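Student: I have a fold to walk through with you. Could we look at the sequence and the model together?

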Amino acid sequence: MNKFLIVGLGNIGDEYKHTRHNIGFDVVSAFVLKHGAFFKLDRLAEVAEVKWKGRVFICIKPTTYMNLSGKAMKYWMDKEGVDISRTLTIVDDLALPLSKLRLRGSGSDAGHNGLKDIQLTLGTDQYPKLRFGIGNQFPKGRQVEFVLGKWLPDEQKIIQSKIEKSIEIIESFATIGLEKTMSQVNNLNFL
């Protein structure tokens with residue numbers, strides 16, 4: 001059976017729920033919910049297994065906090081025997097406008113602490129990432145408050161349509177592959 005590891009990045013705890021920084025958790029949760037699966041607390045992560053079209057998706061939301069995401073990702077890759085090319089990490093991205101999603105097969109951590117830890121743990125930046133643009137509309141010195149803040153009411157509609165598209169991207173990644181999915185996604189504009 002084709003097996004994939006879907007990693008949503010975020011922080012555990014009610015104070016972080018549905019913040020910009022936790023969009024990885026929200027996307028993976030929406031994917032699991034769509035397919036009628038449930039998360040259970042397991043080693044280093046909340047874990048759900050989705051079976052769809054002859055594929056198995058091991059979906060994780062690390063409980064290690066953002067800065068130690070690599071530990072959870074590596075553990076579940078090894079435990080489930082998933083090759084790095086069959087992983088998809090979903091992450092918030094300040095450098096991308098709110099209107100964008102960007103899928104890549106590799107790339108730097110771009111200063112993101114979750115990606116930095118994954119890269120350090122895995123020893124490579126050659127793994128697929130879905131970057132969810134959160135924009136950078138914050139006053140100087142207010143980046144942390146912005147990233148850990150909730151979406152604004154007028155952003156909700158865009159966020160919802162991007163989450164829905166992200167679910168399709170996960171499915172497409174597992175069926176038609178990274179390259180074809182990238183060509184369908186990277187020029188989309190959600191405004």
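**Rings, helices and sheet**

Student: Where does Trp 76 fall, buried or exposed?
Tutor: The relative accessibility of Trp 76 is 1%. Buried means under 20% relative accessible area, exposed over 50% and partly exposed in between, with a 1.4 Å probe and protein chains only. Trp 76 therefore counts as buried.

Student: Before we go on, what kind of model is this?
Tutor: Residues are numbered from 1 along each chain as its sequence is written, and side-chain values use heavy atoms, with hydrogens and water left out. Local features need pLDDT of at least 70 and side-chain atom pairs count only at pLDDT 80 or more, while totals for chains, interfaces and linings use all residues, since the model is predicted.

Student: How many aromatic pairs are there?
Tutor: Rings of Phe, Tyr and Trp (its six-membered ring) pair if their centres lie within 6.5 Å; planes under 30 degrees apart are stacked, over 60 edge-to-face and the rest tilted. By this rule the count is 7.

Student: Which type of pair do Tyr 75 and Trp 76 form?
Tutor: Tyr 75 is partly exposed at 22% relative accessible area. The ring centres of Tyr 75 and Trp 76 are 5.3 Å apart, with 85° between the planes. That makes the pair edge-to-face.

Student: And what about Phe 138 and Phe 146, which type of pair are they?
Tutor: Phe 138 is partly exposed at 23%, and Phe 146 is buried at 9%. Their centres are 5.2 Å apart with 35° between the planes, and the pair is tilted.

Student: How are helix 5 and helix 6 oriented to each other?
Tutor: Helices (H or I, at least four residues) and strands (E, at least two) are DSSP runs, numbered from the N terminus. Axes are lines fitted to C-alpha atoms, for helices over the stretch in contact, and angles run from 0 to 180 degrees between N-to-C directions. Helix 5 (residues 156–175) and helix 6 (residues 178–185) pack at about 150°, their axes 7 Å apart. Angles under 35 degrees count as roughly parallel, 65 to 115 as roughly perpendicular, over 145 as roughly antiparallel and the rest as oblique, so these two helices are roughly antiparallel.

Student: How many nonpolar residues are in the contact of helix 5 with helix 6?
Tutor: Contact means heavy atoms within 4.5 Å, and here Ile 169, Ser 172 and Phe 173 of helix 5 meet Leu 178, Thr 181, Gln 184 and Val 185 of helix 6. Ala, Val, Leu, Ile, Met, Phe, Trp, Tyr, Cys and Pro count as nonpolar, Asp, Glu, Lys and Arg as charged, and the others, Gly among them, as polar. The contact has 3 polar residues, no charged ones, and a nonpolar count of 4.

Student: Which strands stand at the edges of the sheet?
Tutor: Two strands pair if DSSP finds at least two bridges between them. The open sheet has 7 strands in the order 2-3-4-1-5-7-6, with mixed pairing. A single partner strand leaves one side without a neighbour in the sheet, so the edge strands are strand 2 (40–42) and strand 6 (101–104).

Student: What is the average twist from one strand to the next?
Tutor: Strand 6 runs antiparallel to strand 7 (residues 129–133), joined by 4 bridges. Across the sheet, the twist from one strand to the next averages 25°.
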